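Here are my notes on this one, as promised. Have the structure open while you read, and go through the points in order.

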Amino acid sequence: MIFPYVKVTRFLKYQKIERLLPWIRFGIYNPENKSNILYPLGLLDSVSEITFIDHEFGEELGYDIKKGRKIEVLGVGGAKIDVYLHKVGIVLDNSGKDENLRLEDLVGFSYNKFPPSMPQQTAILGTLGFIRHFNITFNYPSFIKIENKLTLKFS
Amino acid sequence: MTDLSKILKKHKTGWLALTPNNEKLIAKGKTLKEVLKYAKKKGVDKPTLLKTPSIDNYFIG
């Protein structure tokens, strides 16, 4: 499944700087109600050990967020946020162009602003909860390719 | 490539709902619930949802 990079712009001392970031649309759902799917636009972050998402998604999907296991996420420069882990369903769906990819794994919901080193406040897709389930190719600046992990069989 | 630069330049706080192909802004609001409601009123059941980011920093992990 192919995803484009997303262009964002910032202004530094009146100078316009354009950046391309690996932001992808994905679906999240509560495994207890698979029909209610929300579609955040999150940063695919190969160095984040966990996946975490703004708490409003968890509330909208019916989670009692603070009942999850609380862990601390540390970022660059010592920034830290608390997240509450829950089992979440994730689906990648590019409008029928490819077969959907689905998984269920632990994802953190956070009430904190994400660390300033992350140009995202919606969702960070890290190893636990996302990357460990897929083969991912970053072909900057053209595309990001996400595939199911190959299973090799030896006879 | 998807170009969100113009949308993000105009909307610096709150939540945004985009079309499923991420190309057009459908709704904005202070909460996720609010933008979901506005998007549904406009006939988009599966919008892409984005909390406006801080893009004034370079990302190093």
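1. Let's start at a helix end. Helix α2(B) is followed by B:Gly43, and the phi of B:Gly43 is positive, near 85°. Before you build on that, keep in mind that this is a predicted model, so treat every value here as computed from it.

2. Now look at the helix itself. Which residues of α2(B) are buried? They are B:Leu32, B:Val35, B:Leu36 and B:Ala39. These four sit on the same side of α2(B), because they cover an arc of only 105° around the axis. And what does that buried set pack against? Part of the answer is in chain B, namely β2 (15-18), β3 (25-29) and β4, and the rest is α1 of chain A. So do show both chains when you look at this helix.

3. Stay in the helix for B:Tyr38, which has its place in α2 (residues 32-41) of chain B. Is B:Tyr38 buried, exposed or partly exposed? It has 17 other C-beta atoms within 10 Å, so it counts as partly exposed; being buried would take 20 or more. Leaving out residues up to four places away in sequence, B:Tyr38 touches B:Ala17, B:Ala27 and B:Gly29. You can also check B:Leu16: it is 22 residues from B:Tyr38 along the chain, and their C-alpha atoms are separated by 10 Å.

4. Step back to the whole of chain B. There are 2 helices and 4 strands, and from the N terminus on they come in the order β-α-β-β-α-β. Chain B has 61 residues, of which 33% count as buried. If you take its contacts between residues at least 6 apart in sequence, 34% of them join residues at least 24 apart.

5. Chain A has another make-up: 1 helix and 13 strands. Reading from the N terminus, you pass β-β-β-β-β-β-β-α-β-β-β-β-β-β. Of the 155 residues in chain A, 36% are buried. Among its contacts between residues at least 6 apart in sequence, 55% join residues at least 24 apart.

6. If you follow one strand of chain A, I'd pick β6 (residues 33-44). Strand β4 (residues 23-25) of chain A runs antiparallel to β6(A), and 3 bridges join them. In that pairing, A:Ile24 stands opposite A:Gly42. Strand β5 (residues 27-30) of chain A also pairs with β6(A) in the antiparallel sense, over 3 bridges. There, A:Tyr29 has A:Ile37 as its bridge partner. The link from β5(A) to β6(A) is a hairpin through 2 residues.

7. Strand β6(A) has parallel pairings too. One goes to β11 (residues 123-125) of chain A, with 2 bridges, and here A:Leu43 is matched with A:Ile124. Where does β6(A) meet chain B? It pairs with strand β4 (residues 48-51) of chain B, in the parallel sense and over 2 bridges. The bridge partner of A:Pro40 in β4(B) is B:Leu49. Recall from point 2 that β4 of chain B is also among the elements that the buried residues of α2(B) pack against. While you trace these strands, remember a rule of thumb: in a regular strand the side chains alternate between the two faces of the sheet.

8. Chain A also holds an open sheet of 3 strands, in the order β1-β13-β12, with antiparallel pairing. Its edge strands are β1 (2-4) and β12 (134-139), each of which pairs on one side only. From one strand to the next, the twist averages 20°. Between β12(A) and β13 (residues 143-148) of chain A there are 6 bridges, again antiparallel. One of the matched pairs is A:Thr137 with A:Lys145.

9. Last, a loop residue. A:Lys66 lies in the loop between α1 (55-60) and β8 (69-74) of chain A. Why is A:Lys66 called exposed? The reason is its count of 11 C-beta neighbours inside 10 Å, since 12 or fewer is the cut-off for exposed. Try finding A:Val83 from here: it is 17 residues from A:Lys66 in sequence, and 9.0 Å away in space, C-alpha to C-alpha.

Conventions: Residues numbered from 1 in each chain as written. Chains lettered and ligands numbered in written order. Predicted model: local features only at pLDDT ≥ 70, side-chain atom pairs only at ≥ 80, totals over all residues. Contact = placed C-beta atoms within 7 Å. Pairing = 2+ DSSP bridges. Axes fitted to C-alpha atoms, helices over the stretch in contact; angles between N-to-C directions. Arc of directions from axis to C-beta.
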